[in-house]
Amino acid sequence: MNVLKRLFKIGQAETHSAIDKLEDPIKMIEQGLRDMREDQDRALKALAEVKAMHIKRMRELKDSISQEEDLQNKSVLLLKKAHSGEMDTIEAEGFVKENLRRKSKLSQDIKIQTEDVNNLEKQVATLEQNVNRIKAGIKQWENELATLKARIKVSSATQKINKQMTNMDSTSVVSMLERMKDRVVQDEALAQAYGEMAESSISHDEKVKKALEDISVEDELARMKKNLGLSGTDVSDDKV
């Protein structure tokens, strides 16, 4: 037993070493699972065939037992008829002897068939255990493979993020942030300047408009005074 354990440990170590050297262990494991499913299909087919043989042999056994009971019943009936005088004793005993010979042959067949049925039942039980063991193994490995795939994805993403963080220059990031701040301050100042210019432009237009209106009023007043002879001051129209 110790020798077997050591051999198992050696084989296990060799297996782990071989897996470590694989370029894509996930694909190799998936191929292994496909191979196991094929083994499972073959085991199920063998189980079905053995079960069919067991069912057939059981039917043959039941048929032999039925024939044996029928021969027994017929022999008893023949002896009863001979005893009651309904049938010739010698003829009846002749039939009974033939029945006993056939019954003896059937007994031998029943013994062989019983052994076959028992052996087939054991084979069916063994095959069912193997099939269930393969099914459980495949299910367990599929779950473990799914978990490993998820862990590999998380590990890969974590490595990528850590690599990016490692390669990131903190000085350059601070410099970019400062440049962005300056750019924002400049944009805000430029926006404020445009606002002031727009306000100044409106005030100037209003002033010009008001000045023109004032000039027009003054001219009109001067014109009225002139027409009334109240002032000798020239107006702008007279100058034109």
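Contact here means heavy atoms within 4.5 Å. By that measure, and leaving aside neighbours within four places in sequence, Ser-64 is in contact with Leu-106, Ile-110 and Gln-113. The model is a predicted one. Ser-64 has its place in helix α2, and with a relative accessible area of 6% it is buried, because buried means under 20%.

The setting for these contacts is a chain of helices. The protein chain has five helices and zero strands, and along the sequence the pattern reads α-α-α-α-α. Of the 240 residues in the protein chain, 14% are buried. The accessible surface of the chain comes to about 19,500 Å², and carbon and sulfur atoms account for 57% of that surface. Among contacts with a separation of 6 or more, 74% are between residues 24 or more positions apart.

Helix α2 covers residues 25-84, which is 60 residues. At 1.5 Å a residue, α2 should span 88 Å, and its end C-alpha atoms are 87 Å apart, so the two values agree. Just after α2, Gly-85 takes a positive phi of about 85°. Asp-88 then caps the N-terminal end of α3, with a side-chain oxygen 3.1 Å from the backbone nitrogen of Ile-90. Helix α3 runs over 89-167. For its 79 residues the same kind of estimate, at 1.5 Å a residue, gives a span of 117 Å; the end C-alpha atoms of α3 are 113 Å apart, which agrees.

Residues of α2 and α3 also come together in the largest nonpolar core. This core has seven residues in all: Ala-43, Leu-47, Val-50, Leu-120, Val-124, Leu-127 and Val-131. The elements that give two or more residues to the core are α2 and α3, and α3 gives the most, with four residues. In soluble globular proteins, nonpolar side chains tend to be buried together.

Val-131 shows one part of this core in detail. Val-131 lies in helix α3 and is buried, with a relative accessible area of 2%. Not counting residues up to four places away in sequence, Val-131 touches Ala-43, Leu-44 and Leu-47. Two of these partners, Ala-43 and Leu-47, are themselves listed in the core. Val-131 and Ala-46 are 85 residues apart in sequence, yet their C-alpha atoms are 10.0 Å apart in space.

Another pair of positions can be read in the same way. Thr-114 lies in helix α3. Thr-114 and Lys-62 are 52 residues apart in sequence and 9.7 Å apart in space, C-alpha to C-alpha. With a relative accessible area of 30%, Thr-114 is partly exposed, whereas Ser-64 is buried at 6%.

The charged side chains come next. Side chains of opposite charge can pair when their charged atoms come close. The count of salt bridges comes to twelve. In one of them, Arg-42 pairs with Asp-39, the closest N and O atoms being 2.3 Å apart. Arg-42 and Asp-39 are separated by about one helical turn, because they are three residues apart in helix α2. Arg-42 is exposed, with a relative accessible area of 52%, and Asp-39 is partly exposed, at 36%.

Helix α4, residues 170-228, holds a salt bridge of similar layout between Arg-183 and Asp-187. Here the closest N and O atoms are 3.7 Å apart. The two residues are four residues apart in α4, so about one helical turn separates Arg-183 from Asp-187. Arg-183 is exposed, with a relative accessible area of 53%, while Asp-187 counts as partly exposed at 40% relative accessibility.

A further salt bridge in the list joins the side chains of Glu-220 and Arg-223, at 2.8 Å from N to O. Both residues lie in helix α4, three residues apart, which is about one turn of the helix. Glu-220 counts as partly exposed at 41% relative accessibility, and Arg-223 counts as partly exposed at 22%. Elsewhere, salt bridges that share partners join Arg-57, Glu-60 and Asp-116 into one network.

Conventions:
Residues are numbered from 1 along each chain as its sequence is written. This is a predicted model: local features need pLDDT of at least 70, side-chain atom pairs count only at pLDDT 80 or more; totals for chains, interfaces and linings use all residues. Side-chain values use heavy atoms; hydrogens and water are left out. The expected span of a helix is 1.5 Å times one less than its number of residues. Buried means under 20% relative accessible area, exposed over 50%, partly exposed in between (1.4 Å probe, protein chains only). A nonpolar core is a set of buried Ala, Val, Leu, Ile, Met, Phe, Trp, Tyr and Cys residues joined through side-chain atoms within 4.5 Å. A polar contact is a pair of N or O atoms within 3.5 Å; within protein, one must be able to donate a hydrogen and the other to accept it, and residues adjacent in sequence count only if both atoms are side-chain atoms. Accessible areas come from the Shrake-Rupley method with a 1.4 Å probe; for residues, only the protein chains shown count as cover. A salt bridge is a side-chain nitrogen of Lys or Arg within 4 Å of a carboxyl oxygen of Asp or Glu.
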